[in-house]
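Hi everyone, thanks for coming. Could you pull the structure up on the screen for me? I'll walk through it once it's there.

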Amino acid sequence: MKENLYKGQNCIIFGVNTFIGKIVSKYLAQNQVNLGLIDLVSHKDEEITNNLNTQNKTIYKTVKSGNEDNMINIVEEIHQKLGDINYLICIYYIDDLQHKIKPEDLTLETWDFLFQDWIVNYFLVLKAVVPLMTKVKKGRIVFFITTTGYTGEGEGEGEITLSGSIHECACSSGITGMMTSIAADIIPQGVSLNGIALGPNYKKDIDQIIWAVNLWLSGLGEYSCGQILRLY
């Protein structure tokens, strides 16, 4: 990676109080990126910025799940304090999904919760940030999902991954469809959008995750429009 590539850039991370969020925010802080960190109120942690060890600007805010006005106001506040948003990284609380929601729980209440908590909130943060990027005709967006449910390319080609719940499969697939549809509209306006799909053992290979983030944020993969990198 070119030295000081990220220095002085501004990044919003949605879902910072996660395993991935903490790793990515710490890495970007070390590379002198100004950070606007956002969590859902349900995952609030006021100590989240203490381990970043950064002298750059860092703002931490929480939003109410599914509340569009709240999301717009917080993104605008971060924009006013940091300036143009160069990067947006969307990370969901996958650990919670895997450990707190039982696979046999097929109630409509659980489906409604997941739809709002993951898919709708990804949409809302994009709806708030994308106009800021298209206005200046630049920006890079990276979203995280999981490899669960894929039956095509990669290892075990043509086979079901046999990991994760029906909830995880449905949400990851829904995010994929929504994001690739949005990509078709915003890429011609100068904003890139790419995904990273995490395999079941993603916590064991932090270097691979950072490599994938660099691929999309650095512009090295800028010709892979709307593509998702799967980390098996």
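Let me start with a definition: a crossing of two helices is left-handed if the near helix is turned anticlockwise from the far one by less than a right angle, and right-handed if clockwise. Oh, and what you're looking at is a predicted model.

Okay, so let's use that. Find helix α2, residues 68-82, and helix α4, residues 108-136. The crossing of α2 and α4 is right-handed. How far apart are the axes of α2 and α4, and at what angle do the helices pack? The axes are 9 Å apart, and the angle is about 40°. Angles under 35 degrees would count as roughly parallel, so α2 and α4 come out as oblique to each other.

Who's doing the touching there? From α2 we have Glu68, Met71, Ile72, Val75, Glu76 and His79. On the α4 side, they meet Asn121, Leu124, Val125, Lys127, Ala128, Val129 and Leu132. Split by class, the residues of that contact between α2 and α4 are 8 nonpolar, 2 polar and 3 charged.

Now a second pair. Helix α1 covers 19-30, and helix α6 covers residues 206-218. Their axes are 11 Å apart, and α1 and α6 pack at an angle of about 60°. That makes α1 oblique to α6. The crossing of α1 and α6 is right-handed, too. For the contact, α1 brings Phe19, Ile20, Ile23, Val24, Tyr27 and Leu28, while α6 brings Ile206, Ile209, Ile210, Val213, Asn214 and Leu217. And the classes for α1 with α6? That's 11 nonpolar, 1 polar and no charged residues.

Right, let's zoom in on some single residues. Thr18 sits in the loop between β1 and α1. Is Thr18 buried or exposed? Its relative accessible area is 10%, and buried means under 20%, so Thr18 is buried. A polar atom of the Thr18 side chain lies 2.8 Å from the backbone nitrogen of Gly21. Setting aside residues up to four places away in sequence, Thr18 touches Ile91, Tyr92 and Tyr93.

Tyr92 comes up again with Asp117, which is in helix α4. With residues up to four places away left out, Asp117 touches Leu40, Ser65 and Tyr92. The side chains of Asp117 and Ser65 are joined by a polar contact of 3.1 Å. Asp117 is at 4% relative accessibility, so this one counts as buried as well.

Next, Tyr87, over in strand β4, residues 87-90. Tyr87 has a relative accessible area of 5%, so it's buried. Which residues does Tyr87 touch, not counting residues up to four places away in sequence? Tyr6, Gln9, Asn10, Cys11, Ile12, Met133, Arg140 and Leu217. You may remember Leu217 from the α6 side of that second helix pair. Also, Tyr87 and Leu35 are 52 residues apart in sequence, with their C-alpha atoms 9.6 Å apart in space.

Last stop: Gly221, in the loop between α6 and β7, where β7 is 228-231. Gly221 is buried, at 9% relative accessible area. Leaving aside neighbours within four places in sequence, Gly221 is in contact with Leu215 and Trp216. Its C-alpha atom and that of Asn194 are separated by 9.2 Å, and those two residues are 27 apart along the chain.

That's my tour. Thanks, everyone!

Terms used:
Residues are numbered from 1 along each chain as its sequence is written. This is a predicted model: local features need pLDDT of at least 70, side-chain atom pairs count only at pLDDT 80 or more; totals for chains, interfaces and linings use all residues. Side-chain values use heavy atoms; hydrogens and water are left out. Axes are lines fitted to C-alpha atoms, for helices over the stretch in contact, and angles run from 0 to 180 degrees between N-to-C directions. Helices (H or I, at least four residues) and strands (E, at least two) are DSSP runs, numbered from the N terminus. Angles under 35 degrees count as roughly parallel, over 145 as roughly antiparallel, 65 to 115 as roughly perpendicular and the rest as oblique. Contact means heavy atoms within 4.5 Å. Ala, Val, Leu, Ile, Met, Phe, Trp, Tyr, Cys and Pro count as nonpolar, Asp, Glu, Lys and Arg as charged, and the others, Gly among them, as polar. Buried means under 20% relative accessible area, exposed over 50%, partly exposed in between (1.4 Å probe, protein chains only). A polar contact is a pair of N or O atoms within 3.5 Å; within protein, one must be able to donate a hydrogen and the other to accept it, and residues adjacent in sequence count only if both atoms are side-chain atoms.
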